Amino acid sequence: MAGIVTLEKAFWALSVLLKAGLFALLLYRKNHRVYPYLFTYVLITLMQSAVLFATYRVWGFESPTARNVAWGVQGLVIAARALAVAEICRRVLARYRGIWALAWRMLLLTAVLVLVYAWAVSRPNWQLAILSTDRGLELAIAVAIVILLLFAKYYEIALGTTVCYLAVGLFLFSVFSVLNNTILETWLHSYATLWNLLGTLAFVASLLLWIWAVREKQPETLLEPELMPQGAYHALVPEINDRLKGLNEQLSQFWGVEANRP
Amino acid sequence: MSLSFYAFFGLVGILLLLFVWAVRKSARPGKTLPEARVLEECGRGHVGHLPQIRQALAEADSLYISEKASAFAVRRVRQERRRVALAYLSAVREDFQSLLRMAKVIARLSPEVVALHEFERVRLTLAFAWHYQIVRLQLLAGLMPVPGLDGLSDLVSGLSVRMETAMNELGERAALAAEMASSLDRRGPHVA
C-alpha cells in the first residue's frame with residue numbers, strides 16, 4: 001500500500017509538471033487563442049493541483065473538508081473539460097453550417113440522455129451521488145466525442161491531426177474515468193488507493209497526447225467552404241433519398257430479402 | 001457486482017468499438033473526393049453497362065446452352081452467370097454509394113439540412129448494407145439457385161430505363177451544383 005502511495009505521489013508530481021508544460025506550450029505557440037476553452041481547462045487543472053496540495057497540507061488527505069474541496073473543484077474541472085470538448089466539436093463541424101445545426105442539437109440531447117441514463121442505472125446511494133454525477137458527465141463527454149467522430153466520418157469531414165490527438169486524449173481519459181469510478185463504486189474502500197493511482201496515470205497519458213497535439217501553432221481560422229444556395233438541398237436531397245430507397249427496394253424485392261428488416 | 005457495473009462496462013465497450021471504427025483511416029486511398037468531383041461523377045452510374053449484363057443473363061441464352069452444350073459447359077455457364085450477378089450486385093452498390101456521396105456533399109455544403117432526410121438516409125444505408133451482404137453471401141455460398149437469377153434481366157431492363165432517366169436528371173442538376181462547388185476546390189483542401 002505504501003508503495004502505491006509513493007508511486008501515486010510521483011505520478012501526481014509528473015502530472016503537475018506536464019500540465020505546466022502544456023499550459024506553457026499553449027501560450028508559447030499562441031494556441032490559447034485557437035483553443036481558449038482547452039486553455040482554460042488546463043489552467044483550472046493547474047489551479048486544482050495547487051488547491052488540493054494546500055488542502056491536504058492543512059486538513060490532511062482523509063479529512064471531510066479535504067474530500068469536499070476535492071469533489072467541489074472536480075465539478076469545476078469536469079465542466080471546463082465539457083466546454084473544451086464542445087469547442088473541439090465546434091472547430092470541426094461549425095464550418096458546415098447545416099450539419100453543425102443538426103450536430104449540436106444531437107450532441108446536447110445525447111449528452112443529457114446519457115447523463116440521465118447514468119443516474120438511472122447508478123446505485124441508489126446518496127453517499128455515492130457525487131461519484132455517480134462525475135461518472136455520468138465523463139460518459140456524456142465520451143459519447144459526445146464518439147458522435148463527433150461519427151459525424152465527421154459519415155460526412156467525410158477531415159479532422160486534422162491536432163483535433164484527432166486532442167479527441168483521443170479526452171475520450172480515453174473520460175472512458176477510463178467511467179470504468180475507474182464504476183469499479184470504485186463496487187469496491188469502495190479496498191480500491192480507493194489504486195483508483196487514485198490509475199486515474200493519475202490515465203491523466204498523464206492524456207496530457208502527453210495533448211502536448212503532442214499542440215506542439216505546433218494552429219491556424220486561428222479555417223477555410224470555410226462556399227455554401228450552396230438553400231434550394232439545392234431541398235431540390236436534390238429528397239430525390240436522392242427516393243432513388244436510394246428505390247435501389248434498396250429493388251435489391252430486397254428481387255432477391256427476396258425482407259424489405260423491412262434492418 | 002450490480003447491474004450498473006455490467007451496464008457501464010458494456011457501454012464503454014460499445015463506445016470503444018465505435019471510436020476505433022470512426023477514427024480508423026480508410027484502407028482505400030483517395031476515398032474522399034473533392035466536392036466538385038463527387039458531384040460530377042455522380043451521374044456516371046453503371047446504367048450504361050446494363051444492356052451487356054442483360055444479354056449475359058438472358059433466359060434464351062441459358063435455354064440454348066442447356067440444349068446444345070455438355071453438362072460441363074452448362075455448369076460453367078451457371079458459374080459465369082453467378083459471377084455476373086455478383087458483379088451486377090457490386091455495381092448496384094456502387095450506384096448506391098455514388099448517390100449517397102452526392103447527398104453527403106450537398107448536405108455538407110448546405111446552410112440548412114433537414115434532420116428527417118439525413119436520418120432517413122442513414123436508415124437506408126444500413127438497410128442496403130444488410131440486404132447487400134445477405135444477397136452476396138447467398139450468391140457466394142451457391143444458396144441462391146441460378147434459375148432464380150433469370151428474372152434479373154427483367155429487373156435490369158426495368159431499372160435501366162428508370163435509372164438512366166433519373167441519373168440523367170440528377171446528373172444535369174449535379175453538373176450545376178459542381179460548378180458552384182468547383183470554386184471550393186480552387187481554394188484548396190478543407191483540412192482542419
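**Exercises on a predicted two-chain model**

Chain A is divided into domain 1 (2-221) and domain 2 (228-262), with bounds that come from an automatic or database domain assignment. This is a predicted model, in which local features need pLDDT of at least 70 and side-chain atom pairs count only at pLDDT 80 or more, while totals for chains, interfaces and linings use all residues. Residues are numbered from 1 along each chain as its sequence is written, and chains are lettered from A, with ligands numbered from 1, in the order in which they are written.

**Exercise 1.** Find how far apart the C-alpha centres of the two domains of chain A lie.

*Solution.* Take the C-alpha centre of domain 1 of chain A and that of domain 2 of chain A; the distance between them is 41 Å.

**Exercise 2.** Compare the span of helix α4 (residues 97-120) of chain A with the expected one, and describe its burial.

*Solution.* Helices are DSSP runs of H or I with at least four residues, numbered from the N terminus. The expected span is 1.5 Å times one less than the number of residues; for the 24 residues of α4(A) this is 34 Å, and the helix reaches 35 Å from first C-alpha to last, close to that value. Its buried residues (20 or more other C-beta atoms within 10 Å of their own, placed from the backbone) include G98(A), L107(A) and V114(A).

**Exercise 3.** State the average confidence of each chain.

*Solution.* On the pLDDT scale, the predictor's confidence in each residue from 0 to 100, chain A averages 87, whereas chain B averages 70, with 55% of its residues scoring at least 70.

Definitions and conventions. Helices (H or I, at least four residues) and strands (E, at least two) are DSSP runs, numbered from the N terminus. A residue is buried if 20 or more other C-beta atoms lie within 10 Å of its own, exposed if 12 or fewer, and partly exposed in between; C-beta atoms are placed from the backbone.
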